[in-house]
Amino acid sequence: MAVALLVQYLAPVLLVLLAWVRTRRAPSRLVLMGSAVAIVGLVLVVDVAGARFDLLGTIFALGAAVCVGAYFLLSERTGEELPALALAAGGLIVGAALMGVLCATGLLAFSAPDVSVALAGLELPAWVAIGWVGAVATTLGYALGVVAVPMLGSRVASFVGLSEVLFALLFAWLLLGEAPGPIQIVGGAVLIVGVVLVRMDASAASVKAAVSSAAVAPTP
């Protein structure tokens, strides 16, 4: 699981490489530093110690990383003609339909036993937890993400999205009593530093573009 998450969250680095290929301009030092620092932090957070390599699992994880990158690129291109909620809802509907076909045909193992789950010291039916994940964590999370990406840009938003792992640790600590270890706490701090470095580059680029526009603007 840890290695799969690590590979999947390589999506921000893939976006940096894609921009490099498309523009034929090397990323700035801040972006390269931020990418490296963020990945180091992610490695520490997900704790890959003792993990084993699996070729098929790695291929699926890389596929997930490509999908995450595509999600950020598509989200960046939303506008008045394609509202953010429409994009999020359409993607979730297509995904649900595909999963339904895979489960119905037996290509994907699926079972729903009548069990209860322990959440924040309470015993709840499994459907309550599943409903929360589907209706709130997934639907609301994707909708807010699609709204945020055009404001931040796909690259910065993808790096900010890495903080999802940090919030997963936080909620596991609060709701399940799974306290993060010292290495994971250090990794979280390192991850935040990487995101800040990438964000600093985006801010500097915005200021430079604004100055250039003001310099070439015609005098009234």
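What share of the 220 residues in the protein chain is buried? Buried residues make up 24% of them, and since this is a predicted model, the close-ups below describe computed geometry.

**View 1. The whole chain, to get your bearings.** The protein chain holds nine helices and two strands. Following the sequence, these elements come in the order α-α-α-α-α-β-β-α-α-α-α. The views that follow visit helices H6, H8 and H3.

**View 2. Helix H6, with a bend at Val 133.** Helix H6 takes in residues 126-152. With 27 residues at 1.5 Å a residue, H6 should span 39 Å, and its end C-alpha atoms lie 36 Å apart, which agrees. Along the way, look for Val 133, where H6 bends by about 30°. The buried residues of this helix are Ala 126, Ala 143, Gly 145, Val 146 and Val 149. Just past the end of H6 you will meet Gly 153, which has a positive phi of about 95°.

**View 3. Helix H8 and its buried side.** Here we turn to residues 163-176, the 14 residues of helix H8. The expected span at 1.5 Å a residue is 20 Å, and the end C-alpha atoms of H8 are 19 Å apart, so the two agree. Which residues of H8 are buried? They are Val 165, Leu 166, Leu 169 and Ala 172. These four cover an arc of only 125° around the axis, and therefore sit on the same side of H8. Directly after the helix, Gly 177 adopts a positive phi of about 75°.

**View 4. A nonpolar patch on the surface.** Leu 119, Phe 167, Leu 170, Phe 171, Trp 173, Leu 174, Leu 175 and Leu 176 make up this patch, and together they have about 770 Å² of accessible area. H8 supplies the largest share, seven residues. One patch member to pick out is Phe 171, which belongs to helix H8. Is Phe 171 buried or partly exposed? Its relative accessible area is 47%, so Phe 171 counts as partly exposed, the class between 20% and 50%.

**View 5. Ala 36 in helix H3.** Our last stop is Ala 36, a residue of helix H3, which runs over residues 29-46. At 44% relative accessibility, Ala 36 is partly exposed. For a distance to check in your viewer, try Ala 36 and Val 13: they are 23 residues apart along the chain, and their C-alpha atoms are separated by 8.8 Å.

Methods: Residues numbered from 1 in each chain as written. Predicted model: local features only at pLDDT ≥ 70, side-chain atom pairs only at ≥ 80, totals over all residues. Heavy atoms only, no water. Expected span 1.5 Å × (residues − 1). Buried < 20%, exposed > 50% of the residue type's maximum accessible area, 1.4 Å probe, protein only. Arc of directions from axis to C-beta. Patch = residues over 30% accessible without salt bridge, like charges linked within 9 Å, V, L, I, M, F, W, Y side chains within 5 Å. Areas by Shrake-Rupley, 256 points an atom, 1.4 Å probe, with all protein chains shown as cover. Salt bridge = Lys/Arg side-chain N within 4 Å of Asp/Glu carboxyl O. Bend = angle between axes of the 7 residues up to and from the residue.
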